[in-house]
Amino acid sequence: MNLRSIWILYVRELRSALRERTIVVNSILMPIFLYPVMLWVLFSGFNLVQGLSEGVTSRVIFTTPAPAGHGELLDSIRAREGMSIVGWENLANAREVSESGALEGVPLFGEGEALARLREGNADVVVTFFEPPPEGQALPGNFRVRLRYDRAEGRSVQARDRVEAVVEVYRNLWMVRQAGTLGIDPEARFQFALSSENVSSSQDLGAMVLAQLISFFLVIMVALGCFVPAVDTTAGERERSTWETLMTVAASRASMVTAKYLYVATLGIAAGALNVVALFISIGAVIRPLLEDAGESITFSIPLKAIPIMMAGAASLAFFFAAAMMILASFARSFKDGQAMVQPVYWLIFLPFILGGQTDRNLTPAIASIPVANVSMMIRDAVTGVFIWPLIAQTLIVTLATVLLCLVAARYVLRFEDFLLGSFDGSFWRFVRDRMSAGKNGTAY
Amino acid sequence: MMTTETTPTVQVEGLRKTFYDESRGEVHAVDGIDFDCRPGEVFGLLGANGAGKTTTLRMLSTVLRPTGGRARVMGHDVVTEPEAVRESLGFYSASTALYPRLTARETLEFFARINRYPPDRVPERVEELVDRFGIREYERGRVEKLSSGMKQKVSIARTVAHDPPVLIFDEPTVGLDVLNALEMVKVIRELRDEGKTILFSSHIMSEVEKLCDRIGVIHRGRMLAMGTLEELRELTGEHYLEDIFVHYVTRTEGVEGVELGAMGELEPAAPGDGEGAEESIPQGADAGGEEA
Amino acid sequence: MTRRRERDRRDLSVLATILRYELRMLLRDTRTILIAVVAPLIILPGWILLSNRVERSDERRLEEAEYRYAVTGSEAAWAREQIAQALAWQDPDSDRPAAPFSFVETSVPEPDSALLAGDLHLVVDALSPADFAAVLREELAEAIARAEAAAAEGGGGPDARAAALAQALEDSDFPLGEVRGVRLLYRAQSDFSRNAQERLEERLRRIRAAKRDSVYRAVGFPVPVETVAVVVEEDVASAEKVAGSVLGLVLTPFLLVLMLSGGSIIAADALSGEKERGTLETLLTTAATRSEIVRAKQLAVMVVGLAVAVVNVANLAVYLGLGVLDLPQGLQIGLSVGQTLALLFLFLPLATLVSAALLFLSGVSKSYREYQIYFFPLVIVLLVPSLAPVLPGMELRSVIAMVPVAGIAVAVRDVLLSGVDWLFAGIAFGSTAAAGVLIAGWVENSLSNERLISSAELDEADLIGGAALFPRHVFQWFLGFWVVFFVISLWYGDDLGAKGQVVVNLVGIFFGGSLFLIRRYRLPVRETLALRLPHPAAWLAALVGAPSALLVGVGLAELVNTYVFPVPEELLRAFGESLAEPGFPLWQMVFFLAVMPGVFEEIAFRGVLLHGIRKRWGPWATALAVGVIFGFFHVALFRIVPTAFLGVILAGVVLLTRSIYPAVLWHILNNAMSIVPFQLGWLPEDFTPPSILTPVAVVTLSASLWLMWKTSPREPRLAPRTSPSG
């Protein structure tokens, strides 16, 4: 193998790749634009849904008057923003109007009609007051409220929650007054105050979000970045019949294959790196405002130590994907076939999704032995500032061993002349059947 | 084989095709061409690559829509009755490929059917074609597995699957080896002898010389000359077709913008040819056309 | 008559032949079928199973984990007592023992740092009344300070949390300084820490409630506290309906994705693959008409798409039936025959649209790879409207029924929920089917498009480079600009302030970007920016047109708001550009918000962008594209309607007058009119023009555009249909 000729071939591959639209789109544009576009859509969609559901009016329908002395409860339901009482606008038509002071003006409906309206979606919650449970009857004025709603309708659930919240506030107020009349001092009534407080710094929170996103998307993007180049440089060349031309140049086949391999891995690494940068730039624009609305402050930063780990991770992933995809794709005769052949490698990228569900999970010896998932976990650890060096080493060794295994397989496959020259008809099974049984008819180069 | 008294099955009058290209502006690929051919005749279009042969033939087969002029096949206009035109012609070119995953037999059946050959007679027709083109041995093999010679035979068979009266062969021998090319020429001869009208294009002089009853020399979208080989020899004083071709091409290239109408005299009225071909070269059309 | 019938019969036979062979060829493509259809059938449930397993084991780990905590603060001894009670607490209503709960107090020298380091899951900080009061006051002060700081920066809404906190302290009779406080300190980024906090807090609340109850009872309160004003919830929805509500949201997107991925197997090959292999030309020279070819292929795509969808659903059903996979708890799916038929009826146009769209993609792509580039965006374009039922308050009885895909999605939800309004379901059916037919028509046209059929033609633009390449790259560049614009406005928007943002966006991105593109592609400046004086009448037309268009735009936005979906007023205001900034003199406002956008936005959008698109598309498509892209450059999705409308009109103005100047004038006027009258107090802040003006404005706008069209300078046409024959 001649380093110079590898370099020349490598540069040629890269140059022509950058002129190929499919490769540019998949390996360069996608990683850059995916986040801003995706996050923007998410951001707009989230705001829209939130704004819309805030704005939905809850239509409350009453079947009984409020118990005596609790007119205030109705007032607070009526006063709450986003609530409307069914039949309010044409009180005169209501069949029954309560006579007790504060309740005046609440239109009542019969059970059947109220429920029918609820079912038809013309009302969101049916409110019925009735007597308290037996053990609660001793308290004068005590009551129960039945809220009938439709769990299948979002706005009905929302209406139930709103009414429930109003009742809860009202109940507290009532109990406070009771405490006053009974002479319970506030201290005894409150017992103790309880609050929960998150002590994580905004950097920690940011690191968690970043770690989660980077560890997933880096894997996807590296795979995507390798995908088209790997298929194009093997199956694609065969389809365009440039493969044979290439075989006639004065470089050894080994250096040719090495150059191609390096080129595919380079694009994989490039896609991964671009993706991390794009993520870093655009994430603050969307996630930060969203979380800040929720009352959390968040800062995004990556520990310096994590950067070499991320790079090592991206590179080892790229070398793995490049090797695995190129071997599979080289069995194909056309680009389309090649893509189909490579699909199985793609399924691996879901592994990190499954294993990464829990935020506390760090690298373990078991995870460090699962290809792809181990690198993803290693990167996640690194971004959150956890460095378990022996396991990081194990991860890298396992990945490199997998890569090596792929390369050995590649070397074996490439020993066959017909395969190399492209006269091979592309059936994977045929290859296995013929060659594995009688490897001797292969010619070593 | 000389033209007979029958009426022409293919008539082309002032046919032109102008492309608009983002970068080059207007491109006159075919710039007013007239010719016609009759049953039992092979009419050859001779020209260099990019002369407009393929564009002309594609317009005849209704794949492209003419920008101007008229063309009729079996009396059907290519613009107004494209289906009827296609029903009565078979188109073969190096770029018309076959479906790789169909067998040879299925290919023939498929093309006979979608070309509206009477459905009840399709099986019979397929048998006939299989025998005639010697496809029997591999009729059940998938096209993707066939050798290029076999593919060629299937391809010709599919062109005539619906027994059309007019056949167009656009550079049929491109990429074929000598034996296959000879086979192709042989088949075309046979088809002519059966009374088909055949349009043939090529840039290979020897083929045209051997096969064509009449020859049209086409260059930069214009018909420079038209006639039997003998007539062309007489007019130019050259013997070999190659020299004849070069003669015409250098004349136009050399004297750019010359009254092309003068070329008309090169085209004598063919014996028995009712319409004189003198007006076949349009006058006053702007020259060149490469610059937008 | 008989002849016609004969012809129809033959048409069908051709169609059937193509369809039959298309499917036969697909079935022979064993590799594709294995990988694209069979493998996912096995793999998908496998993944679901695996992920369920992992999820369950994750849950178990949370359940069974040993939680380490420390107790700090002056009242530690008291707190330990409370915790012990809390851990021993049993739910009186349930006979099942509470979930295993392993809390271990761990003594560490520095509990706070141990928590941060992850050695502890929880720190319980028990404070004496005085300390707790101090902590609470401090927090409140901080929150108020934050709110004030945000308000001072301008634009920032009031801190809801601070307000609520202050309100709560004010209103309640909370005995500040008299009760002890328990603070649970945890780390939000750790699932375990969060779980420990949630579980302990829940139990502490329970024992506190029990204690309160006993206090009330001790002084003679007649009933248990928890029996006071009890809320009883009663769900009237049947299990089927609840399942339907979930299914109604996911069914359409799910089937859509299945149909897209299934149909794509054949669609990719149907036209783009045929072009690549050269068989399309063979097919086009046969007697089959283009519409027969398209219809047969569309049918094939539809059949395969539906088949893949059905197979996948059946596959999932089998796994569910075998108990390998579980439905989410409480979900019961049961469809009546009527519902099933209704769903089939509604999915029919969807399948038509999907197959037409896939085929269209295939038709405009020259190769299999090109097809793939466009596939993902197509999935997004179709998927987004199918999510319409997710929007709260979305009803089928609205204009949504007329939006393809979205109407169907909402109708499907209604079928599964409560019954559907068939009139509107019919409209949804019609609109989606019409879209499908329209797109199928485009496919037919694409088969007549010479540039698309013949794949082998040399692409000369690549050789010439420069200006010739620009039309093909213009969209990519503007996407890039958009990203920069978006990131800057969201990331640095607050730091820059309104003026800074205007300068960066207009001068930096729009003007700088335009100059860059002109240089990069060596574009002819005069022609690109349409720098030429228009017919004098165009000025007059612009003067009339600008106010009319503004009114029409307002009317249009209102229309969309009323009939498509109502966007709450506050939301619009929150996203509106904060035009009115305090201490901003009027002339500066006019300069920064009217003159500068008028000049620079026109240069970028109606100059460079328009120039690029015009070379490729017809005038209508060009104006529409320029307008929509312009709309997207206004960040907030809700403002897209009025801005895109303005963009379309301005693009039209440039195309009609062949000059950019009237558009610049128009744009300046447009912006100035939405500032000056309000600033000078001529109109109240919340002024909305009377709706009677809208029809008048439509008329004057049309008149103004008509005037431009009439006086439009006639240029030699670019591509004459027929050249003059000699």
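The following conversation concerns a predicted model and the interface of chain A and chain C.

Visitor: How many residues does each chain bring to the contact of A and C?
Guide: Chain A contributes 102 residues and chain C contributes 98 residues.

Visitor: And what area is buried there?
Guide: About 9600 Å² is buried between chain A and chain C, with 65% of that area coming from carbon and sulfur atoms.

Visitor: Which residues of chain A lose the most area to chain C?
Guide: They are A:Trp40, A:Phe192 and A:Leu194, and together these residues make up 9% of what the chain A side buries.

Visitor: What about salt bridges, how many cross that interface?
Guide: Seven salt bridges are found between chain A and chain C. One of them pairs A:Arg151 with C:Asp235, at an N to O distance of 3.3 Å.

Visitor: How many residue pairs are in polar contact between the two chains?
Guide: There are 34 such pairs between chain A and chain C, counting pairs in which both residues have a pLDDT of 80 or more.

Visitor: Which element gives the largest share of the chain A side?
Guide: Helix H2 of chain A, residues 21-55, does so, with 17 residues of the side that touches chain C. By residue class, that side of chain A holds 53 nonpolar, 25 polar and 24 charged residues.

Visitor: Which strands pair across the two chains, and are they parallel or antiparallel?
Guide: Strand E5 of chain A (residues 192-198) and strand E4 of chain C (residues 180-186) run parallel and are joined by seven bridges. Within this pairing, A:Ser196 lies opposite C:Leu184.

Visitor: Changing topic: how many salt bridges are there over all chains?
Guide: The count over all chains is 55. Among them is the pair of B:Glu106 and C:Arg24, whose closest N and O atoms are 3.1 Å apart. This pair crosses between chains, from helix H3 of chain B (residues 104-114) to helix H1 of chain C (residues 2-28).

Visitor: What is the average confidence for chain A?
Guide: The mean pLDDT of chain A is 79, and 84% of its residues score at least 70.

Visitor: Where in chain A is confidence highest, and where lowest?
Guide: Strand E4 of chain A (residues 144-149) is highest, at 92, whereas helix H15 of chain A (residues 417-421) is lowest, at a mean of 59.

Visitor: Which stretches of chain A have a pLDDT below 50?
Guide: Residues 92-103 are one such stretch, with 21 contacts in the model beyond near neighbours in sequence. Residues 439-445 of chain A are another, with 16 contacts of that kind. Predicted coordinates should not be read in detail where pLDDT is low.

How values were computed
Residues numbered from 1 in each chain as written. Chains lettered and ligands numbered in written order. Predicted model: local features only at pLDDT ≥ 70, side-chain atom pairs only at ≥ 80, totals over all residues. Heavy atoms only, no water. Contact = heavy atoms within 4.5 Å. Buried area = accessible area lost by both parts, 1.4 Å probe. Salt bridge = Lys/Arg side-chain N within 4 Å of Asp/Glu carboxyl O. Polar contact = N/O pair within 3.5 Å; in protein donor to acceptor, adjacent residues only side chain to side chain. Helix = DSSP H or I, 4+ residues; strand = E, 2+ residues; numbered from the N terminus. Nonpolar A, V, L, I, M, F, W, Y, C, P; charged D, E, K, R; others polar. Pairing = 2+ DSSP bridges. pLDDT = per-residue confidence, 0-100.
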